[in-house]
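Subject: Handover of a structure and the findings from it

Dear colleague,

Please find below the structure that I am passing on to you. I should be grateful if you would read the notes with the model open beside you.

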Amino acid sequence: MAPPLPSSSMAPPRLIHSGTGLLDTCSQIPPPPPAVAAKMSGPTTDTPAAIQICRIMRPDDANVAGNVHGGTILKMIEEAGAIISTRHCNSQNGERCVAALARVERTDFLSPMCIGEVAHVSAEITYTSKHSVEVQVHVMSENILTGTKKLTNKATLWYVPLSLKNVDKVLEVPPIVYLRQEQEEEGRKRYEAQKLERMETKWRNGDIVQPVLNPEPNTVSYSQSSLIHLVGPSDCTLHGFVHGGVTMKLMDEVAGIVAARHCKTNIVTASVDAINFHDKIRKGCVITISGRMTFTSNKSMEIEVLVDADPVVDNSQKRYRAASAFFTYVSLNQEGKPMPVPQLVPETEDEKKRFEEGKGRYLQMKAKRQGHTEPQP
């Protein structure tokens, strides 16, 4: 349970975390000077201060080439978002709650992170609706030998506060104060857009990945993969449902296996389309994370990942779709440069349809990136 915030007459301290993977300790650093705080573009100090998680990347965080798994970074992003949103939702007197991840907007991996570098994950609340919180997160990598820092990720996450007494009950979110009216209007537009997109994903909830015997190389069936995982206490919050970051890490792992099977080279996560969490996954469920190739361009691969939960200890509930997303991977040569990938060979009518849909998403994103100044994978 989050501690009460300081009096509104005094700005709450900014927080910085250091650890080896678990959010177990925090130390405080002084708040920014008033002159600096007044220039901040986000909410005023009536909202919880921004937080930062710092952790050095270790060998078990990365692949054989030393590149940190995208799932590891996504998990850290979600941890930071969960902390700041849960604190905010408990900042006023009322029923205690925990913030649960509902959606992650498209996330680009702008620069690879390597073993030995320090990840700095900063999170800030940028909008609240009646029942949801928008958190924006930035990830920087730091080479502690040279002092070089690079922006690796920017992400937007949406959380909903669930009552501790009944995790199926969504509570109201305390409002935040904006420096400019335009910030609230822009946030409302983002909220309405993501709400509509979440509804549009539900039509795919009955789609499943079927195994195929003796598939041909470069086909969808050849590289498709599944992972079955029993949800244990270490995967869950104190209230019995899975951390969103744990789910995203498993999704990235499966997507990486699909990409590696397809091109048989070193691969890295380039981007993740919006991840929608359709329903909570409770402790004791058996989850199946399935991935299949949907589209290939010259140097990238799109993999659809579906997460299904089977509440084996509860006969009253059937298997259900818990989360879904599209991951994009690139293949790297020995110098770490993107290289061509084998072209996908769709066989069935459904595979051809998914291929065309993937092509549409690829062309749409390519058009958006024209004129983009940030480095791309």
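The notes that follow go from the chain as a whole to particular residues.

Please bear in mind throughout that this is a predicted model.

**The chain as a whole**

The chain contains 6 helices and 15 strands. Of its 377 residues, 49% count as buried. Among contacts between residues at least 6 apart in sequence, 74% join residues at least 24 apart.

**Two helices**

Helix 5 covers residues 244-263. At 1.5 Å a residue, its 20 residues should span 28 Å, and the end C-alpha atoms are 29 Å apart, which agrees. Because 15 of these 20 residues are buried, helix 5 is largely enclosed by the rest of the structure. Just after the helix comes K264, which takes a positive phi of about 55 degrees.

Helix 2 also has 20 residues, with an expected span of 28 Å; the distance between its end C-alpha atoms is 28 Å, in agreement. Helix 2 is mostly covered, with 17 of its 20 residues buried.

**The annotated positions**

Which residues does UniProt list under "active site"? The record, an unreviewed entry, gives N63 and D252. The two span 190 residues in sequence, yet their C-alpha atoms are no more than 12.2 Å apart, so they gather at one spot.

N63 sits in the loop between strand 3 (51-56) and helix 2 (70-89). Its relative accessible area is 17%, and because the cut-off for a buried residue is under 20%, N63 counts as buried. Leaving aside residues up to four places away in sequence, N63 touches H69, N266, I267 and V268.

D252, by contrast, is found in helix 5. It is buried, with a relative accessible area of 4%. With residues up to four places away in sequence again left out, D252 touches H69, G70, G71, T269, F327 and Y329. H69 therefore appears in the contact lists of both N63 and D252.

**A buried glutamate without a salt bridge**

E142 lies in strand 7, which comprises residues 133-142. E142 is buried yet has no salt bridge. How far away is the nearest side chain of opposite charge? That side chain belongs to K149 and is 4.8 Å away, whereas a salt bridge calls for a nitrogen within 4 Å of a carboxyl oxygen. E142 does have a polar contact of 2.7 Å, which joins its side chain to that of H120. Apart from residues up to four places away in sequence, E142 touches E117, V118, H120, T148 and K149.

**Salt bridges**

The count of salt bridges comes to 18. Those described here involve R103, E105, R106, D108 and D273.

R106 forms a salt bridge with D108, in which the closest N and O atoms are 3.2 Å apart. At 23% relative accessibility, R106 counts as partly exposed, while D108 is buried, with a relative accessible area of 19%. The side chain of R106 also meets that of D273 in a salt bridge of 2.5 Å, N to O. This second pair links distant parts of the chain, the partners being 167 residues apart. R106 is in the loop between strand 4 (97-104) and strand 5 (107-109), and D273 is in the loop between strand 10 (266-272) and strand 11 (275-277). D273 is buried, at 19% relative accessible area.

Salt bridges that share partners also join R103, E105 and E197 into one network. Within it, the side chains of E105 and R103 meet at 2.9 Å, N to O. Both E105 and R103 are buried.

**A residue of helix 6**

E356 lies in helix 6, which comprises residues 349-369. Is E356 buried, partly exposed or exposed? Its relative accessible area of 48% makes E356 partly exposed. E356 and F295 are 61 residues apart in sequence, and their C-alpha atoms are 7.8 Å apart in space.

**In brief**

The record's two "active site" positions, N63 and D252, gather at one spot. E142 is buried without a salt bridge, and R106 has salt bridges with D108 and with D273.

With kind regards

Definitions and conventions:
Residues numbered from 1 in each chain as written. Predicted model: local features only at pLDDT ≥ 70, side-chain atom pairs only at ≥ 80, totals over all residues. Heavy atoms only, no water. Helix = DSSP H or I, 4+ residues; strand = E, 2+ residues; numbered from the N terminus. Expected span 1.5 Å × (residues − 1). Buried < 20%, exposed > 50% of the residue type's maximum accessible area, 1.4 Å probe, protein only. UniProt positions renumbered as here; feature names shortened; annotations may be inferred. Contact = heavy atoms within 4.5 Å. Lys, Arg positive; Asp, Glu negative; His and termini not counted. Polar contact = N/O pair within 3.5 Å; in protein donor to acceptor, adjacent residues only side chain to side chain.
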